[in-house]
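Pull up the structure and get ready to rotate it a bit. We'll go through some helix packing first and then move on to the ligand.

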Amino acid sequence: MDGTQYIKSHFEKSIEVKQKILTDGVLIERIVKASELCIEALQRGNKVMFAGNGGSAADSQHLAAEFVSRFNFDRPGLPSIALTTDTSMLTAIGNDYGFENLFSRQVQANGREGDIFVGISTSGNSVNVVKAVEQAKEMGIHTIALCGDAGKLPEMCDITLNVPSTCTPYIQESHISIGHIICAIVEETLFAKYKPKE
Ligand SMILES: O=C(CO)[C@@H](O)[C@H](O)[C@H](O)[C@H](O)COP(=O)(O)O
Ligand SMILES: [Zn+2]
């Protein structure tokens, strides 16, 4: 493999996907709506839950940590959990109820009406994410999909943030940007007074 060529081509393709987002007014409006949904839920005392597989499990943990710890500046922590982190829960549920129930069981146990569940899946078809969305909807939990242009997830959620691609890594690279943007909007809106003077 020509490393230099690959590096250039990967960046070009990743940028191409992000360029498409930049000119997609509908998607940008949905990102604003998703941020507002999070702000309203957090103001009510509800929490934001994240779940996904593989790289999207990492994104779940990354984004929940931004809420609980901090993003751009110091401020009180915000309630958020990744359903991908507790190995005892994951192995118990996986072993006793099956991998497909990994997240739905946690939503059923720890979710509350008015919370938000963010399901992250590039194929839109990870069964454990799809089942968690179904469970969330039954409980009056708002649902946001961070997905691509395929699969079941884009049709299921209250707000669909569908990155215009079918290629897992490029979709993931835009997912984390969208997640960061939502964190920034939420933090700035809820805690403007904590922001250091420039
Ligand atoms: O990070 C990557 C690929 O970049 C992989 O670990 C990837 O997340 C895994 O194959 C996942 O199982 C894919 O699941 P999904 O995005 O289709 O729901
Ligand atoms: Zn990856």
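Keep in mind that this is a predicted model. Let's begin where α2 touches α8: I31, A34, S35, C38, I39 and L42 in α2 meet I178, I181, I182, I185, V186, T189 and L190 in α8. Sort those contact residues by class and you get eleven nonpolar, two polar and no charged. Now look at how the two helices sit. Helix α2 covers residues 25–44 and helix α8 covers residues 168–190, and they pack at an angle of about 45 degrees with their axes 9 Å apart. Angles under 35 degrees would count as roughly parallel and 65 to 115 as roughly perpendicular, so α2 and α8 are oblique to each other. The crossing of α2 over α8 is right-handed.

Stay on α8 and find helix α1, residues 3–22. The angle between α1 and α8 is about 50 degrees, and their axes are 9 Å apart. That makes this pair oblique too, and α1 passes α8 in a right-handed crossing. On the α1 side, the contact is made by K13, S14, V17, K18 and I21, which meet Y170, E173, S174 and S177 in α8. The mix here is three nonpolar, three polar and three charged residues, whereas the contact of α2 with α8 has no charged ones.

The next partner of α8 is α3, which spans 55–68. The axes of α3 and α8 come within 10 Å and cross at roughly 15 degrees. With under 35 degrees as the cut-off, α3 and α8 are therefore roughly parallel to each other. This is another right-handed crossing, with α3 passing α8. To trace the contact, pick out G55, S56, D59, H62, L63, E66 and F67 in α3, then Q172, H175, I176, G179 and C183 across from them in α8. By class, the residues of the α3 contact with α8 come to four nonpolar, six polar and two charged.

Now for the ligand. Which residues surround ligand 1? The shell is made up of N53, G54, G55, S56, S121, T122, S123, S126, T168, P169 and Q172. Two elements give two or more residues to this shell, namely α3 and α8. The largest share, three residues, comes from α8. Some names should look familiar: G55 and S56 in α3 and Q172 in α8 also belong to the contact between those helices. As for chemistry, the shell has one nonpolar, ten polar and no charged residues.

It's worth setting this beside the database record. An unreviewed UniProt entry places the feature "binding site" at N53, G54, G55, E66, N95, D96, S121, T122, S123, S126 and Q172. These positions spread over 120 residues of sequence, and in space they are up to 31.6 Å apart between C-alpha atoms. One of them, D96, sits in helix α4, residues 87–97. Another, E66, is one of the α3 residues that meet α8.

Finally, zoom out. UniProt, again in an unreviewed entry, lists residues 38–196 as "domain: SIS". In the model, the end C-alpha atoms of that span lie 23 Å apart, and the span is 49% helix and 15% strand.

Terms used:
Residues are numbered from 1 along each chain as its sequence is written. Chains are lettered from A and ligands numbered from 1 in the order in which they are written. This is a predicted model: local features need pLDDT of at least 70, side-chain atom pairs count only at pLDDT 80 or more; totals for chains, interfaces and linings use all residues. Axes are lines fitted to C-alpha atoms, for helices over the stretch in contact, and angles run from 0 to 180 degrees between N-to-C directions. Helices (H or I, at least four residues) and strands (E, at least two) are DSSP runs, numbered from the N terminus. Angles under 35 degrees count as roughly parallel, over 145 as roughly antiparallel, 65 to 115 as roughly perpendicular and the rest as oblique. A crossing is left-handed if the near helix is turned anticlockwise from the far one by less than a right angle, and right-handed if clockwise. Two residues are in contact if their C-beta atoms, placed from the backbone, lie within 7 Å. Ala, Val, Leu, Ile, Met, Phe, Trp, Tyr, Cys and Pro count as nonpolar, Asp, Glu, Lys and Arg as charged, and the others, Gly among them, as polar. A residue is near a molecule or strand if its C-beta atom, placed from the backbone, lies within 6 Å of it. UniProt positions are given in the numbering used here, feature names are shortened, and annotations may be inferred rather than shown by experiment.
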